[in-house]
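Reader: Could you walk me through the charged side chains in a protein model? I am in my first year, so please spell out the terms.

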Amino acid sequence: MTTISPRRDSGGRASDCRSSKKQRLPSVSEEESSDDSSSGEEESDDDDSSSGEETEVEFQNGSSESRERELVVLSDDSDSEDEKTYAELLRSRRPRRLSPPKSLTLPDSDVLDCPNCFEPLRKPIFQCNNGHLACSACCTKLKKRCFFCALPTGDIRCRAMEKVIKTCVVSCPNAKHGCKQITTYGKEESSHAKLCLFTPCSCPVLDCNYIGSYKDLNNHFRITHKKSPGEIMSIEFGRQEIFRLDFNDDPVVFQMEKEGDLIVIQGFKGSHGVYASVSRIAPVVPVMGQLYCSIARLKENSTLRLEFMVKNVQKVREKQEQPEDSFLLIPTHMLRGDHLKMQICIRREYVPS
């Protein structure tokens with residue numbers, strides 16, 4: 001068996017010839033006592049220097065790989081997990097705010113629109129080397145050439161503008177009519193506008209210019225236009241009402257007794273007869289539900305009846321406009337004079353005649 005004896009320095013101490021990478025770091029007192037060490041310590045120093053070079057090379061390689069990974073992250077979509085982690089890292093490095101975030105106001109929202117198609121910008125947003133913006137659809141239409149400077153575009157994402165768009169919130173266009181919904185600018189905003197219950201509706205009385213929300217209009221009609229009994233005709237679900245339709249006069253307006261909905265009947269004279277249309281003044285949204293009506297032309301020896309779905313509108317048609325749906329066509333041989341004796345019944349469900 002071979003035994004390796006420790007070498008002794010000039011002072012007679014044993015020096016460990018193992019690499020300093022495996023030694024524990026010396027304390028201050030040990031560093032002072034090691035000033036008299038000789039060749040063993042010098043060899044250890046040589047090992048340290050070589051080890052340091054290796055460590056430095058490893059660090060440089062590691063930093064290069066780290067930079068490469070960051071570039072990959074920045075080229076990924078911002079909704080990826082890596083980008084979320086990167087965003088969290090940036091937030092953790094941000095100095096702590098002493099005051100809450102500030103709310104900013106844009107005097108003109110056009111700066112958030114695509115300068116090519118003038119539609120709201122949506123992710124992904126691209127820019128050319130001169131900084132001109134373009135949405136994804138315009139990049140395709142323009143064949144990846146900037147409209148302003150003809151430089152290539154569609155390869156460089158404008159992350160700053162994407163962040164601005166993502167954090168921008170706007171009030172509903174119907175806020176003045178009572179809607180308190182806050183949405184992000186662009187797609188979500190337009191989606192909400194189509195389903196908003198506060199979509200403005202116009203009063204069906206021809207000389208009245210009132211415009212308001214569905215509920216406010218119903219209250220306005222009940223208060224403002226009910227000057228005398230019988231001027232507003234009330235109706236209930238399932239109850240048949242007889243009325244006179246003057247197709248050369250103002251429309252006939254019924255108001256539901258409990259719900260307050262406004263049901264409007266208009267007569268339009270055409271070449272084939274009279275079109276009697278039925279509509280409800282309300283937003284075109286699913287939550288409103290559907291109403292159905294049974295309308296009939298009453299005559300001494302004959303009756304013409306039809307049941308169909310009542311169409312929701314925000315404004316009554318003009319006199320010269322012929323309806324496209326939700327109407328009963330009364331042929332000319334059933335006309336007499338300038339008015340017609342009619343009957344109507346409003347239901348929540350369709351009941352075949």
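Author: The following exchange covers salt bridges and the burial of the residues that form them. This is a predicted model, in which local features need pLDDT of at least 70 and side-chain atom pairs count only at pLDDT 80 or more, while totals for chains, interfaces and linings use all residues. Residues are numbered from 1 along each chain as its sequence is written, and side-chain values use heavy atoms, leaving out hydrogens and water.

Reader: How many salt bridges are there?

Author: The count is 10 salt bridges, where a salt bridge is a side-chain nitrogen of Lys or Arg within 4 Å of a carboxyl oxygen of Asp or Glu.

Reader: Which residue does Glu162 pair with?

Author: Glu162 forms a salt bridge with Arg157, at 2.7 Å from N to O.

Reader: Are those two buried or exposed?

Author: Both Glu162 and Arg157 are buried. Buried means under 20% relative accessible area, exposed means over 50%, and partly exposed lies in between (1.4 Å probe, protein chains only).

Reader: Moving on, what does Arg239 bind to?

Author: Arg239 forms a salt bridge with Glu241, with the closest N and O atoms 2.5 Å apart. Arg239 also meets Glu236 in a salt bridge, at 4.0 Å.

Reader: Why is Glu241 called buried?

Author: Glu241 counts as buried because its relative accessibility is 18%. Salt bridges with shared partners join Glu236, Arg239, Glu241 and Glu257 into one network.

Reader: And how accessible is Arg239?

Author: Arg239 is partly exposed, at 29% relative accessible area. Glu236 is partly exposed at 33%.
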